[in-house]
Structures are given as C-alpha cells and as structure tokens.
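Visitor: I'm new to this one, so could you walk me through its empty spaces and its nonpolar cores?

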Amino acid sequence: MHTSRTAPAAGAGLLATFIFLSSTFLITHDANALSQWARKYKTSCFTCHTAFPRLNYYGERFLWNGYQDPDNEQPDGDLMKKVINNELVLDDVTNLLGFRLNLTPFRLREKALNLGGDEKDQITIGGPDWIQFFVGGSIFKNAAFFMELEFAGETVHYNWWHLSYHNMFGTPAVNFQLGNVSALEFSAQTDRLRIFPNYSSPLYAVKTSNGTGDDSLGISQARPAIQYYGYAGPALWWAGVSSGKTAADVNDKMFYWGGLRYTVTEDMESAIEGSSVTLWAFQGEDGKNTAASDTVSASYLTSTSKRYQAAGNLRWRDIDVIGSYVWGDDEDGKLSTSANDKFEFKGYSFQAAWQINKMWYTGVMYDKVEKDTGSGFTVSDHQVIPQISFLPKENMRLGFYVKLDINDETGHTKKNDYWVNFRVMF
C-alpha cells in the first residue's frame with residue numbers, strides 16, 4: 001500500500017509495525033527452526049554467522065571447504081550420510097533444503113512521490129519483499145552445490161547457483177566453481193552476505209559500460225563463469241572467466257578477473273584472527289547492437305571495461321569493520337555513437353558492526369560514489385546508514401534502518417529513508 005505521508009498514516013504504520021514485531025517475538029519465542037547446516041551438524045547458527053547473513057571467519061572457511069568442517073583433518077563430505085554402497089552416499093534431504101523470508105513491514109521514503117508536480121513522502125506498509133528457496137551442501141567428499149531460487153512478487157529470480165569441486169589432488173590450492181558466481185566471492189568486501197543484509201552499496205551497483213551494454217553487470221552481481229581459487233596459509237588467490245550476463249556469448253569477447261587475499265589465520269593465534277586485505281582487478285569487453293535488427297549492415301559498438309578494488313576487513317572481538325575503494329573506467333560509457341564517450345567512477349564503501357550480544361547487533365554504513373561522464377567528477381551517491389538489529393532467535397533478525405542523504409552536490413535533492421526489515425531463515 002502506498003500513500004503520501006500524513007500524521008494518521010504515519011501513526012498507523014508505526015502501530016502496525018509495533019504489533020507485527022511484538023507478535024513475531026511472542027510466536028517465535030519457543031521456535032527452534034534452523035538452517036540446514038545447523039541441523040546437519042547440530043550446532044548454532046552463530047557457529048558460522050555473527051548476525052546472519054554475515055559470515056564469521058569460521059563460516060568463510062566452511063564455505064571455501066565445500067560446506068565441510070574446515071577444522072576436520074579429513075574432508076567430511078561423506079560423513080553423516082546414508083551409505084548405499086561403496087560408490088554412493090546420500091544425505092538426509094533436510095540437510096540440503098532451506099528457506100529465507102524477507103519483508104519490510106514499514107518504510108518511509110522522503111519525496112519519493114510526484115503528485116501534480118509536488119514531491120510527497122511515500123509510506124509502504126506490509127511490504128512482502130521475497131521468499132527464497134535454496135538447496136546446498138556436499139554431494140560427496142569435496143564435491144558440493146548451491147542453488148537459490150527467489151520469488152519476489154510475480155517475478156522469479158534464478159540468482160546464485162554453482163557446482164564446486166574442492167581440495168583437488170589432495171590440496172586446498174586447487175578448487176573450482178562452475179555456475180552463477182560472484183567475481184568478488186573471496187574479497188574482504190564482497191557486497192554479498194553483508195553486515196547490512198537488505199541494502200547493497202551503490203558503489204557495487206555501477207555496471208560495465210555504465211549500464212548501456214548487452215553484458216552490463218555490477219562487479220558483485222551473479223554471472224555465469226568458471227572460477228578457480230586456492231589457499232595456503234594466510235594467502236588466498238582466485239581467478240575467473242565469464243562470457244557476460246548470460247552463459248551464451250553475445251559478442252565473442254570474455255570478461256576476466258583475479259584477486260589476492262591475505263588473511264590473519266587461526267594458526268597465528270592473533271586477537272584479529274580472520275582479518276584480511278585484498279587486491280582485485282577485472283577487465284572485459286561489453287557491446288551493443290545499435291541497429292533495429294541484427295543484419296550485415298548493423299552497427300555493433302564495443303567498450304572495454306576495467307574495474308579495480310582494494311579492500312580490508314578488521315575482525316576484533318565483537319567488532320567487524322569492512323571497507324573498500326573501488327575505481328574503474330569504460331572506454332565507451334554510452335554505446336550509442338561511433339565516438340568513444342569515456343566513463344569513469346570511483347568511490348568508498350564502509351560498514352562497521354558491533355555484536356553487543358546474541359540478541360542485539362548494531363552498526364553503521366557509509367558510501368560515497370563519484371562519476372565522470374566527460375565533464376569532471378560529480379558525486380552521485382553520498383550517504384550514512386545507522387542500523388540496529390534485534391535477534392529474538394539466532395535465525396531471525398529484525399532490523400531498524402535510517403538512510404541519511406548527505407550529498408551536497410549542486411542540484412541534488414536530499415531524500416532520507418527510514419524502514420524496518422524482517423528476515424528469517426529455516
């Protein structure tokens with residue numbers, strides 16, 4: 001439901017939110033539904049997460065190891081399963097299936113409506129965002145898969161999925177992912193499984209060719225690819241290749257990337273175990289057919305895109321801070337004429353969180369993005385978002401967010417945003 005803001009409407013929205021949160025807490029006070037890996041290993045969600053979906057260091061290593069205990073001397077992908085014969089083991093289906101639910105019971109966006117030329121605030125009440133069905137786990141020792149299917153309104157998104165092989169030739173230096181993956185999967189800041197789960201940084205939303213090409217994607221978005229990674233001691237390295245937005249190549253060019261990560265490992269016995277720094281680079285060629293149909297005389301324009309990231313993550317006790325500087329350029333950011341209209345951008349993204357205890361989690365997010373389409377850099381996004389989350393159960397999170405627009409660029413109209421977010425996984 002969408003309305004312009006009035007005092008009664010705002011009051012009704014806050015009352016509805018209060019009733020929703022109160023009833024949620026009461027109904028779930030004795031709930032024990034957990035995600036599939038917690039069920040399988042009979043452990044807490046906090047084993048792998050701080051406030052989900054944010055992974056802790058053990059959770060990262062569990063993911064890298066193909067959903068197998070990274071502290072086990074031998075990969076445990078065949079354990080806790082039914083042995084059919086010498087060549088086949090099958091897992092309990094409940095150890096593979098999971099669901100996530102996300103909704104926004106109340107949101108207020110300033111000046112989001114244009115009514116007869118007047119800018120009015122917009123209130124959303126009872127916003128059902130999405131429900132995700134996901135399947136994942138080890139198929140057998142050192143072979144795993146993950147699939148996520150999202151239902152958002154009348155739209156179905158087949159987002160993330162991959163088949164992966166781990167510890168090939170008996171070493172963690174050789175691992176592969178095949179499917180829809182992120183080129184920033186192993187970075188200190190991935191823009192996935194975030195501290196702020198329901199808000200993606202605008203810095204990572206900047207697409208190749210400034211969003212004008214057939215293969216335009218942001219650097220953290222899912223893309224069909226083959227990705228290799230390996231790790232030994234504090235070092236982790238990865239590289240990947242993708243045809244673009246779809247598995248079928250549309251312009252006979254590929255996208256390539258590679259990264260290097262240094263992590264403070266558990267063997268170092270440091271107070272900042274799990275902290276890391278990464279360097280990453282990406283290059284590829286996007287394109288667009290400017291003709292009405294694909295004929296011999298059609299004009300197909302191309303643009304080379306380059307992206308770079310320097311990122312870090314500090315983990316200390318109950319403090320978790322991640323940040324990155326991302327920059328890049330496109331040879332042609334318009335792909336509409338034969339002239340090369342260069343596009344450049346740069347920006348910062350930071351998130352800091354404090355896990356007060358198992359029920360309260362607070363933090364702040366900061367983003368600044370600058371773009372240059374030919375007349376100099378101007379600020380496109382500049383914002384601060386404080387948040388606090390309440391976890392009545394370890395698999396349930398209620399978040400309260402405020403986005404403060406601090407963009408002082410000439411001609412920009414500041415628009416703040418206030419919302420409550422609810423999500424649960426089981």
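Guide: Let's start with the second largest pocket in this predicted model, which has a volume of about 470 Å³. Its lining takes in 24 residues, with Asn65, Pro70, Asn167, Pro172 and Tyr231 nearest the centre.

Visitor: What makes a residue part of the lining of this pocket?

Guide: A lining residue has an atom within 4 Å of a point of the pocket, so Asn65 and Tyr231, both among the lining residues, meet that cut-off. Helix 3 (57–64) and strand 10 (235–242) each supply at least two of the lining residues, and helix 3 has the largest share, three residues. By type, the lining divides into nine nonpolar, 10 polar and five charged residues.

Visitor: Why is the space of about 220 Å³ called a cavity?

Guide: In a cavity a 1.4 Å probe fits but cannot get out, so this space of about 220 Å³, the largest cavity, holds the probe in that way. Among its 19 lining residues, Arg54, Glu60, Glu185, Thr190 and Arg192 lie nearest the centre. The lining splits into seven nonpolar, four polar and eight charged residues.

Visitor: And what makes a set of residues a nonpolar core?

Guide: The residues must be buried and joined through side-chain atoms within 4.5 Å, so the 22 residues of the largest nonpolar core, including Trp238, Trp257 and Trp280, meet both conditions. Those three tryptophans have the most contacts inside this core. Strand 9 gives the most to this core, with three residues. A second, separate core has 13 residues, among them Phe46, Tyr199, Ala353 and Tyr361.

Methods: Residues are numbered from 1 along each chain as its sequence is written. This is a predicted model: local features need pLDDT of at least 70, side-chain atom pairs count only at pLDDT 80 or more; totals for chains, interfaces and linings use all residues. Side-chain values use heavy atoms; hydrogens and water are left out. On a 1 Å grid over the protein atoms alone, a cavity is a set of points where a 1.4 Å probe fits but cannot get out, and a pocket is an open set with protein on both sides within 12 Å along at least five of seven lines; lining residues have an atom within 4 Å of a point. Grid points are joined across faces, edges and corners, and a volume is the space filled by probe spheres set on the points. Helices (H or I, at least four residues) and strands (E, at least two) are DSSP runs, numbered from the N terminus. Ala, Val, Leu, Ile, Met, Phe, Trp, Tyr, Cys and Pro count as nonpolar, Asp, Glu, Lys and Arg as charged, and the others, Gly among them, as polar. Buried means under 20% relative accessible area, exposed over 50%, partly exposed in between (1.4 Å probe, protein chains only).
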